[in-house]
Amino acid sequence: MSSESPRRDNPGLRVGRPFGIPVYVSPTWLIVAAVITISFRDEVAFRLPELSVPVTYLVSFAFAVLLYVSVLLHELAHSVVAKMYGLPVRRITLYLLGGVSEIEREPETPGREFMVAFVGPLLSLGLAVAGFVASQFIGPHTVLGVLTFQLWFANLIVGIFNLLPGLPLDGGRMLRAGVWKVTRNPGSGTIAAAWAGRVLAVVLVAVPVGLALMSGQAPGWAFIWSVLLASFIWLGATQALRSARVRARIPQVNARALARRAIAVTGDLPLAEALRRAAEAQAGAMVVVDHEGHPTGIVNEVAVEATPENRRPWVTAGSLARSLEPSLVLAADLSGESLIDAMREAPAGEYLLVERGGEIFGVLATSDVNRLFSGV
C-alpha cells in the first residue's frame, strides 16, 4: 500500500536502501513473524513429516521472511514509479499489517495516481503467477516446493486484497483516481474512496460474524485478523477524510490576510514598555531591530505570556526574541500550498513577512494558521 503517511521518528531498524529509498523494519514485524511461524509450522510438519520439529519451525520462519520480501517488492514498485514521476519518497516501512511507502507528495494527475497505486498489486499478482508456474516443476513434498506453493498463494491474496476499492488500500487509490478523473476534483475522489474504505471495513467484520452465526461456531483466528485489517482500513479511511478537509481549507491560507501588525522595538527595551507600545499601536507582534532599523528577531508570543507581569519591567524584549534566520523571513504574498510548504521547511512560532523590496509587512503566527484547520 502506498501512502502519504505522517512522519514517525522511530520507524524501526534500517535494513537497506534499494533505489536510494531507505527501508525500515518495525519491531511489530516480530509479532507477525512469530504468528506466521507458529501457525504455518503445522502445515510444514504435515507436508514434510520427515523433518524434525526445530527444522519445521525454521522453514516456517523462512516463509515469514520471504513473505515480507514479497511485501517489500510490492512497496518498492509503488516507490520506484513514484520517483519516476518526480515524487519524493521518504522511506518504506515493513510493519505488523504489511508495508507502507511514505510518498511525500500527491501525483499531479489522476493517471499518475492510478499508475502509482496499480503497480503494487500488479507486481504481487505477477509474483503469484511466476510462483505458480515454478511450482509445476518443483516437487510438492520438498522444502522448496512447500515454500513456493505458499508464497505464490500468499501473493495472490495480497494482490487481490489490495485491489479492493477503498482507501487506504491500493484499490482505493485507484478508485480515487477514477473519481478524480470524472469530477476533475481530487478532493471528491478522496472522499468517495475513503467512504468506500469505511464500508469495506464494516464488511470485513460483518462477513465473518455472519458466517460464525450461521455455522454456530465461535469466531476463530480469521475473525481476529479481519478485525485488525478492518481497524486499519477504517483508521486509514478516516485519516484520508480528514486530509481531504484540510486540503479544502489550504486555499484560505493567505499570509497577508493572516498577518499581525507589528511594531519595531530595540532589543534592550523593557518588555513592559514594548507591550505598552504594541497595545497603543494596536499591534499583535513585535519585531526586534538593530540601531540601523534592520530586523534581527521576533519576540516570541509564548515566552511573553509565560513572563509574569511583575517581571516584565526587568526583562528585555530582545531576551524573549528568536533570532531571524533566513528561513523565518517569508514573502508577504505567499498563500496556499506555497505558504504551507515554506512553514514546514522551518517550523517556528512566528515568521517575519516582508514585501518584495524588503520592507516589513507584519508577522505571521503559526497559531493563527492552525486556527484555520481547527475542528477538521
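Exposed means over 50% relative accessible area, buried means under 20%, and partly exposed lies in between. These exercises use that scale on a predicted model.

**Exercise 1. Sort five residues by accessibility**

Task: Decide which class, buried, partly exposed or exposed, fits R184, Q282, M286, L163 and G187.

Solution:
- Step 1. Start with R184. Its relative accessible area is 75%, so R184 is exposed.
- Step 2. Take Q282. Its relative accessibility is 68%, so Q282 is exposed.
- Step 3. Turn to M286. Its relative accessible area is 6%, so M286 is buried.
- Step 4. Take L163. At 31% relative accessibility, L163 is partly exposed.
- Step 5. End with G187. At a relative accessible area of 25%, G187 is partly exposed.

**Exercise 2. Examine the backbone in three loops**

Task: Find where R184, Q282 and P168 lie, and state what is notable about the backbone at R184, Q282 and P168.

Solution:
- Step 1. Place R184. It sits in the loop between α5 and α6 (186–215).
- Step 2. Read its phi. The value for R184 is near 60 degrees, which is positive, and R184 is not a glycine.
- Step 3. Place Q282. It belongs to the loop between α9 (271–280) and β7 (285–289).
- Step 4. Read its phi. Q282 has a positive value of about 55 degrees, and Q282 is not a glycine either.
- Step 5. Place P168. The loop between α4 and α5 (170–183) holds P168.
- Step 6. Check the bond before P168. The peptide bond from L167 to P168 is cis, with omega near 10 degrees.

**Exercise 3. Describe two helix pairs**

Task: Give the angle, the axis distance, the orientation class and the handedness for α1 with α4 and for α2 with α4.

Solution:
- Step 1. Pick the terms. Two packed helices are described by the angle between their axes and the distance between the axes.
- Step 2. Read the pair α1 and α4. The angle is about 135 degrees, and the axes are 10 Å apart.
- Step 3. Recall the cut-offs. Angles under 35 degrees are roughly parallel, those over 145 roughly antiparallel, those from 65 to 115 roughly perpendicular, and the rest oblique.
- Step 4. Classify this pair. α1 and α4 are therefore oblique to each other.
- Step 5. Add the handedness. α1 and α4 cross in a right-handed way.
- Step 6. Read the pair α2 and α4. The angle is about 40 degrees, with the axes 10 Å apart. That makes α2 oblique to α4.
- Step 7. Finish this pair. The crossing of α2 and α4 is right-handed.

**Exercise 4. Build up the second largest pocket**

Task: State how much space lies in the second largest pocket, and what lines this pocket.

Solution:
- Step 1. Begin with the volume. The second largest pocket holds about 1200 Å³ of space.
- Step 2. Count the lining. It has 31 residues, and L67, I157, V158, W225 and L229 lie nearest the centre of the pocket.
- Step 3. Name the elements. Those that give two or more residues to the lining are α1 (29–47), α2 (53–84), β5 (98–103), α4 (143–162) and α7 (221–249).
- Step 4. Find the top contributor. α4 gives the most, with seven residues.
- Step 5. Split the lining by class. There are 23 nonpolar, seven polar and one charged residues.

**Exercise 5. Set sequence beside space**

Task: Place G187, L163, G20 and M286, then give the C-alpha separation of each from a partner residue.

Solution:
- Step 1. G187 is in helix α6. Along the chain, G187 and A248 are 61 residues apart, and their C-alpha atoms are separated by 7.3 Å.
- Step 2. L163 is in the loop between α4 and α5. L163 and L175 are twelve residues apart in sequence, and 9.6 Å apart from C-alpha to C-alpha.
- Step 3. G20 is in the loop between β2 (13–16) and β3 (23–25). At 34% relative accessibility, G20 is partly exposed. G20 and V209 are 189 residues apart in sequence, with 44 Å from C-alpha to C-alpha.
- Step 4. M286 is in strand β7. M286 and R47 are 239 residues apart along the chain, and 76 Å separates their C-alpha atoms.

Key:
Residues numbered from 1 in each chain as written. Predicted model: local features only at pLDDT ≥ 70, side-chain atom pairs only at ≥ 80, totals over all residues. Heavy atoms only, no water. 1 Å grid on protein atoms, 1.4 Å probe; cavity = no way out; pocket = protein on both sides within 12 Å on 5 of 7 lines; lining within 4 Å. Points joined across faces, edges and corners; volume = space filled by probe spheres on them. Helix = DSSP H or I, 4+ residues; strand = E, 2+ residues; numbered from the N terminus. Nonpolar A, V, L, I, M, F, W, Y, C, P; charged D, E, K, R; others polar. Buried < 20%, exposed > 50% of the residue type's maximum accessible area, 1.4 Å probe, protein only. Axes fitted to C-alpha atoms, helices over the stretch in contact; angles between N-to-C directions. Left-handed = near helix turned anticlockwise from the far one by under 90°.
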